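The following paragraphs lead the reader through a protein model, beginning with a term that the later discussion requires. Please keep the sequence and the coordinates at hand while reading.

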Amino acid sequence: MSYDPTIAETNPQKAVIYCRVSDKKQRKEGNGLDSQEHRCRQYAKAKGYTVEAVFPDDMSGGGDFMKRPGMVALLAYLDAQAIESPDEPYVVIFDDLKRYARDTEFHLKLRRIMKERGATRECLNFNFENSPEGKFFETIAAAQGELEREQNGRQVAQKMRARVERGYYCFGIILGYHYIELPEGGKMLSPHPVNGPIVKDALEGFAAGHFQTTSEVMRFLNTYPTIKRRGRYGQSRQMTTNLLRNPIYAGFMTIKKLGLTMHPAKHEPLIDLATWRKIQDRLDGNAHARARKDLNRDFPLRGFVACACCGNAMTSGWSKGRNTHYPYYLCQTRGCAMKGKSVRKDVLEAEFEELLQTLTPQRPVLAMVKAMFNDCWEARGAQNEQRAQGAREQIAAYNKKIETLTERVAETESPTLIASYEKQIEKYSVQRAYLIDIAKNAKPSKQHFNEVYRTALDFLTNPCTLWKSGKYELQRLVLRLGFTGRIHYARNQGYRTAPIAEPLRLAGSLSALGDRMVGLAGLEPATKPL
């Protein structure tokens, strides 16, 4: 298109450009907005128009145009210019009719609003005519754009549903996972090498009670930089609750808009369904429990060590010195003879480490304990096989119930009945998912045994090793597993007799027996076979 300079001299015209792509991803990864603006500027130059502003949008053209920031800004600009220069109408240029609007109702409404502002619309791929025939063809073109948009949406929804039904999640980012390319095409969730283990620890920790509230889980997650940078303020409490509620981490998907509840997924789960169910039970029972105020990462023994004089828990704090601050523990009980007399943090915690060292059992005892655990595991496996057989029978019954309710939903027209049936279907689907998990994990592998008892065996091997790891959650775990109550501490005297938990007490008793333990040959002297 050639440029005629006489046009600008005889008919100077002000113009604005409107560009739109369907989403933010197209704006970041593509060049759709730039190419549209380039074409529109070429058109304006050929017409002799002066382009004053460009208004871009990166959202769908369907629905209300007043939800598009770029279009709202364009209309506001026209209103402002109309006040300053009411006799100078503007031309609104856009690349294609589909960029203007893809909804017939709002297309016609936008046409009327533009006309009220005295603006003339010009499109590179469509000629507007202010005649009955021109308006008719414009309406047909708008309706065609809406039809294409709805057809594309239906096709995308159908493909997405088919992929979800095949077991592949395709709805954005999940904390603890990332997407990997499949050899046959498409993507699948896979545990993230960095965030995956962190999220797994958070989920298992909450299920086991190591984290008492969602706030503690949130603070645990935010101690890791790779997670804390999510969002403006890191992992929020609501985001943490959603994480704990999401069955995706147990290998199931609940997609409300597709009507799918606890649908089996193909990606590797971070936790098993039994653990996820424990999480739901804890959330339903303790969703509003307050976090303990006596917990402090700087003082892992706070609230656990008690004053030997009065028996109340010792508190902790920082004392300001000449050049720095010093950590300490002390008793603050009114009337106690040791009130206000502090003990340095390094002294009290060093003596506690010495106490833990005395609780380490000998290797033969550890081997025997592991053998006992293994025997219990095998016995539990036999019981699980019986449970699995019963679960398979119940799964068939639930499948029949769900099929019957689905047929009722299709036959009825009552919204109340439909909602009731869908609620029952969701309930049966969750119960069926639990039964499927029981049947699938009837005989856990040896690797599963090692994973389940790993922390317990590490603790029995050497409690002090877990304590010295410096991880606050592991240190609190040592206190819960190793002792049945508070340890009393006397200033300048050390710890009193500790209330040791039964597993460690038993292991210590067996270690103390030493050579007095009965050997593999039994009580009678070994004899040669006849």
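A residue is called buried when its relative accessible area is under 20%, exposed when that area is over 50%, and partly exposed in between. Glutamate 88 has a relative accessible area of 38%, and it therefore counts as partly exposed. The structure is a predicted model, and the values discussed below should be read in that light.

The confidence of the prediction deserves attention at the outset. The protein chain averages a pLDDT of 79, and 82% of the residues score at least 70. Over residues 1-8 the pLDDT is below 50, and this stretch has 12 contacts in the model beyond near neighbours in sequence. Residues 287-291 also have a pLDDT below 50, with 7 contacts of that kind in the model. Where pLDDT is low, the predicted coordinates should not be read in detail.

In overall terms, the secondary structure of the protein chain comprises 19 helices and 14 strands. Of its 530 residues, 38% count as buried. Among the contacts with a separation of 6 or more, 61% are between residues 24 or more positions apart. The chain exposes about 31500 Å², of which carbon and sulfur atoms supply 51%.

The interior may be considered next. In soluble globular proteins, nonpolar side chains tend to be buried together. The largest nonpolar core in this model has 37 residues, and the members that touch the most others are Leu203, Leu221, Leu243, Tyr249, Leu273 and Ile279. Two or more residues of this core come from each of the helices α8 (195-208), α9 (214-222), α11 (237-245), α12 (273-286) and α15 (415-440), and likewise from the strands β7 (252-255) and β8 (260-264). Helix α8 gives the most to this core, with 6 residues. Leaving aside residues up to four places away in sequence, isoleucine 279 touches Leu203, Phe206, Ala207, Leu244 and Ile271. Apart from this core lies another, of 25 residues, whose members include Met314, Leu355, Cys464 and Leu479.

Leu479 also appears among the buried residues of helix α18. This helix, residues 472-482, is mostly covered, with 8 of its 11 residues buried. The buried residues are Tyr472, Glu473, Gln475, Arg476, Leu477, Val478, Leu479 and Gly482.

Charged side chains supply a further set of connections. Side chains of opposite charge can pair when their charged atoms come close. The structure holds 13 salt bridges. Glutamate 52 forms one of these with lysine 14, the closest N and O atoms being 3.7 Å apart. Because glutamate 52 lies in strand β2 (residues 49-58) and lysine 14 in strand β1 (residues 13-21), this pair ties together parts that are 38 residues apart in sequence. Lysine 14 also meets glutamate 88 in a salt bridge, at 2.8 Å from N to O. Glutamate 88 lies in the loop between α4 (69-84) and β3 (90-94), so its pairing with lysine 14 in strand β1 ties together parts that are 74 residues apart in sequence. Lys14, Glu52 and Glu88 are thus linked in a network of salt bridges. Lysine 14 is partly exposed at a relative accessible area of 25%, and glutamate 52 is partly exposed at 33%.

Another salt bridge joins arginine 161 and glutamate 165, at 2.9 Å from N to O. Both residues lie in helix α7, 4 residues apart, about one turn of the helix. Arginine 161 is partly exposed, with a relative accessible area of 31%, and glutamate 165 is partly exposed at 41%.

Helix α7, residues 132-165, also contains phenylalanine 137. At 51% relative accessibility, phenylalanine 137 counts as exposed, because the threshold is over 50%. Together with Phe136 and Ile140, Phe137 makes a nonpolar surface patch of about 330 Å².

A final site is tryptophan 318, which lies in strand β10 (residues 315-320). Tryptophan 318 is partly exposed, with a relative accessible area of 44%. Residues up to four places away in sequence not being counted, tryptophan 318 touches Asp298, Phe299, His325, Tyr326, Pro327 and Tyr328. The C-alpha atoms of tryptophan 318 and tyrosine 328 are separated by 6.3 Å, although the two residues are 10 residues apart along the chain.

Note on methods. Residues numbered from 1 in each chain as written. Predicted model: local features only at pLDDT ≥ 70, side-chain atom pairs only at ≥ 80, totals over all residues. Heavy atoms only, no water. Patch = residues over 30% accessible without salt bridge, like charges linked within 9 Å, V, L, I, M, F, W, Y side chains within 5 Å. Areas by Shrake-Rupley, 256 points an atom, 1.4 Å probe, with all protein chains shown as cover. Salt bridge = Lys/Arg side-chain N within 4 Å of Asp/Glu carboxyl O. Buried < 20%, exposed > 50% of the residue type's maximum accessible area, 1.4 Å probe, protein only. Core = buried A, V, L, I, M, F, W, Y, C linked by side-chain atoms within 4.5 Å. Contact = heavy atoms within 4.5 Å. pLDDT = per-residue confidence, 0-100.
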